[in-house]
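Me: I'm new to this one and would like to slow down at a single part. Could you walk me through the surroundings of the DNA?

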Amino acid sequence: MTEKLILIDGNSLAFRAFYALPLLKNTAGIHTNAVYGFTLLLEKIIKDEQPTHFLVAFDAGKTTFRHATYKDYKGGRQKTPQELSEQFPYIRKLVEAYHIKHYELPNYEADDIIGTLSKEATANKMETIIITGDRDLTQLVNDHVSVYYTKKGVTDIDHYTPAFIHEKYGFGPEKIIDLKGLMGDTSDNIPGVPGVGEKTAIKLLLEYGTVEEVIAHLDDIKGKKLNENLTLHQADALMSKELATINTAAPIEVSLADTLITEDSTDNKIELFKSLEFKQMLGSLDTAPQAEEVAAIELASLEEINLDNRTSILIDCFKENYLKNEILPLAISDGNKTAVITADAIARNDTLAAYLSDDSKPKVVYDAKKTTVLLNRLGVEIKGIEFDITLASYLLDPSNTIIDVAEIARLEGKSLTSNDQIFGKGAKMAIPSDDVLNDYFAKQAVTVLELSAILKDKLEKNEQLALHDELELPLALVLAKMEMRGITVNKDELAAMQHELQGRLDTLISSIHSHAGQEFNINSPKQLGVVLFEDLKLPIIKKTKTGYSTAVDVLEVLQGKHPIIDDILIYRQLSKLQSTYVEGLQKMIGSDGRIHTRFNQVLAQTGRLSSVDPNLQNIPIRLDEGRKIRKAFTAAKPGWVIFAADYSQIELRVLAHITGDASMSEAFINGTDIHTKTAMEVFDVEKDEVTPNMRRQAKAVNFGIVYGISDYGLSQSLGISRKAAQKFIDDYLASFPNVKQYMDDIIQQAKQDEFVSTLMKRRRYIPDITSRNFNLRGFAERTAMNTPIQGSAADIIKLAMVNYDKAVKATEFSAELLLQVHDELIFEVPEEEVEAFSLFVKDIMEHALPLNVPLLVESDFGQSWYDAK
DNA sequence: AGGGTCACGC
DNA sequence: GACGTACGTGACCCTA
């Protein structure tokens with residue numbers, strides 16, 4: 001193998017990383033951003049360069065031999081901030097964890113260590129790369145040595161080679177010190193010659209070669225002021241050159257041989273990353289099978305499992321959709337022995353089936369909803385699930401992207417083979433041999449049991465155990481039933497719509513093509529852009545990264561300028577309906593005539609649910625054209641109806657509750673229309689003076705408050721300037737002083753805790769709240785303000801679902817809960833029950849979580865979802 | 001396969 | 001001044 005040496009200027013890169021990244025902090029209160037940036041850099045270098053030798057050099061102390069030459073060397077420098085200096089010990093630990101040598105030498109700078117070693121490497125013709133955020137080091141460049149200079153942050157890097165330097169300056173690396181001598185360096189307080197900057201210095205050096213030669217030719221130098229400055233400051237120039245010159249013969253006690261990388265174990269890294277809480281890094285560590293990977297598990301027989309112990313139950317299916325895909329074996333572990341049984345044999349094994357259905361036997365699982373559905377498909381109703389590590393991991397930090405047991409294991413610093421490693425990815429996915437599969441499932445079961453104890457502990461510390469036990473886990477079982485139940489969708493209805501829509505689309509396509517004078521793909525924004533803005537020469541309103549924007553707001557501006565625009569707008573609307581809903585939904589109707597969506601309970605950062613395969617939370621409603629899709633969603637049986645109950649203004653009611661704002665609360669108590677009330681306050685008018693336009697604007701502001709949009713977002717939705725939007729927000733906050741107070745307080749709290757919480761103690765971490773990047777911080781602040789509102793609303797409807805499920809069992813209602821759409825629940829109900837059921841559901845939803853303002857639930861029913869409006 | 005763009009819901 | 005600005009899912013295009 002060819003040898004390659006990496007030399008890192010530790011101090012300068014620590015500074016770079018510190019100023020490039022937001023001020024991260026771990027729970028112990030130690031700042032970690034510079035360490036994190038340093039880690040990213042090390043990872044990148046090791047991956048990209050694959051060095052054989054490596055050394056990180058640090059500055060030793062305040063004074064160096066250069067101070068003897070010039071006492072003000074590096075004078076006037078700002079003190080290193082405490083937030084950075086406390087990180088240096090960890091950076092050293094980090095370097096050690098990578099088994100990389102680090103070195104510092106009293107009286108010398110990191111530069112000199114690097115210079116001395118690079119000289120030795122060059123003598124040995126060893127390829128060397130110096131990484132630094134300081135341009136001084138570029139003087140060391142030669143045919144064997146290149147310098148990677150971080151321009152910005154730690155990843156934007158210039159590669160200084162002899163050719164690069166020639167290109168940039170017109171001379172070689174050996175003249176960098178002359179350049180510094182003439183122009184000086186403010187950051188190191190090197191004086192140079194006044195009035196000489198980079199441009200002048202380069203010109204002089206190209207003409208005369210060196211500082212000494214410039215001085216020797218003072219008489220030839222034109223320009224009165226320049227000549228005067230050079231004459232007056234020749235000594236400074238010579239001294240500056242000396243200061244800038246790196247010592248390549250420092251008395252270092254390391255040799256090239258010491259920098260050889262000999263070991264590559266991840267143990268120390270795991271420990272350090274855990275303490276620093278670098279979850280991402282921990283995750284990426286274990287991609288390759290580790291030495292500590294447990295050997296194949298010895299499988300026990302089912303009879304050997306102690307069913308009096310708490311057990312972990314691990315069952316899965318091939319690919320994502322557990323509602324229909326092939327079911328794989330089940331593994332069960334009691335913490336001592338682990339057994340695996342095929343899916344077919346589960347229901348036939350009476351002991352196991354009885355155990356699984358026994359509510360008094362505690363079980364822990366990886367995904368309660370999936371587990372419940374899969375076992376249900378096998379004819380077993382599982383009871384007694386008391387802990388779900390997927391839910392736990394999500395509740396501890398909703399930004400955890402939980403894809404398999406291995407992912408949760410990684411987050412906790414444990415190692416396990418991943419699903420991808422066992423099954424493969426994409427088209428190559430396949431079920432492995434029984435041996436491999438059984439071993440993998442057994443290992444997962446063991447890991448689930450281990451993790452459950454750890455995660456439960458953490459939830460307890462966060463006071464989130466009730467959130468898991470009483471909200472999310474029971475909800476998972478409610479959702480499992482909803483998913484299995486599905487909702488009836490009338491295929492003929494959709495087929496009829498498809499036919500009608502296709503006729504209209506065909507007409508529109510011909511019309512658009514004839515307006516354009518050519519045939520093209522209207523669905524391609526790229527082709528459409530060319531037609532509109534090049535061929536038809538319409539004015540360009542907005543551009544995207546890749547070309548012209550053809551989004552709706554752009555097309556609306558162009559309306560009236562060309563008849564093609566109206567056609568395109570209608571085409572867009574109809575083709576969306578056609579492809580996503582009319583055609584898309586038909587494909588999803590099962591043999592039972594129903595669509596079975598899956599709710600993702602551990603994805604949305606705010607605590608909301610999401611819906612996939614298909615998404616039934618975004619069925620059109622705003623425009624009647626689209627709303628008609630809902631006609632296809634019907635009750636299953638004759639005499640049954642679709643019943644929909646939705647919370648009115650739940651987020652704003654939560655806001656009134658959290659802030660305790662009197663005038664807002666009053667509006668809800670008195671049943672005043674909240675948008676009218678907002679308009680009254682913001683525009684300072686009486687109720688009967690509120691115009692429809694004022695109400696519309698007030699509604700947009702309320703929308704903005706609920707969704708945490710920016711002044712920019714509000715300006716877009718109202719079609720006004722950003723300044724005017726900001727004024728609206730200011731007026732709003734002046735009108736509702738408690739809301740203003742809340743917004744200020746929650747940002748402070750987020751800064752202190754780095755997370756915000758909902759009424760049910762759901763958390764969301766907001767590390768960017770301390771970012772020095774204006775945009776990131778602004779975004780983080782809006783997240784901090786919005787999440788408790790939206791997340792508490794999510795808590796409330798989830799609680800209502802759990803309470804409903806519990807309460808309905810004790811009634812005679814045969815109604816079934818089908819869907820949840822954030823603030824709305826959809827049921828199918830026998831028509832004769834509707835009246836009583838409506839009161840029942842309204843009561844449960846309105847009292848799910850008592851607030852200081854009333855919650856209001858409105859409902860309706862009809863033959864289809866369309867009619868339940 | 002993965003990104004970008006667009007559009008639907010709350 | 002900062003250059004991208006609620007959260008999701010999915011269809012389609014286009015490039016790889």
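Reply: Here's a walk along the protein surface beside each DNA strand, one strand at a time.

First, some ground rules: this is a predicted model, where local features need pLDDT of at least 70 and side-chain atom pairs pLDDT 80 or more, while totals for chains, interfaces and linings use all residues. Residues count from 1 along each chain as its sequence is written, chains are lettered from A and ligands numbered from 1 in the order written, and side-chain values use heavy atoms, with hydrogens and water left out.

Let's start with DNA strand B. It's surrounded by 23 residues, each with a heavy atom within 4 Å of the strand. The closest are Thr-550, Arg-572, Asn-618, Ile-621 and Arg-622. Of the strand B atoms that come within 4 Å of the protein, 86% belong to sugar and phosphate. Two polar contacts (N or O atoms within 3.5 Å of each other) go to phosphate: a backbone N or O atom of Thr-550 sits 2.7 Å from a phosphate oxygen, and a polar backbone atom of Arg-622 is 2.8 Å from a phosphate oxygen. Asn-618 reaches a base instead, with a polar side-chain atom 2.8 Å from a base oxygen. If you want a helix to look for here, pick α26 (residues 563-588), which gives the most to this surface, with four residues; helices here are DSSP runs of H or I at least four residues long, and strands are E runs of at least two. By class, you'll find nine nonpolar, eight polar and six charged residues, where Asp, Glu, Lys and Arg count as charged and Gly is among the polar ones.

Now over to DNA strand C, which has 26 residues around it, with Ser-524, Lys-526, Asp-613, Tyr-707 and Asn-775 coming nearest. Here sugar and phosphate make up 62% of the strand C atoms within 4 Å of the protein. Sugar or linking oxygens turn up in several contacts: a side-chain N or O atom of Asn-615 is 2.9 Å from one, a side-chain N or O atom of Ser-579 is 3.5 Å from one, and Tyr-707 uses a backbone N or O atom, at 2.9 Å. The elements that give two or more residues to this surface are α24 (525-535), α26, β15 (610-612) and α35 (774-808). Among these, α35 gives the most, with four residues. The class count near strand C is eight nonpolar, 13 polar and five charged residues.

Notes: Polar contact = N/O pair within 3.5 Å; in protein donor to acceptor, adjacent residues only side chain to side chain.
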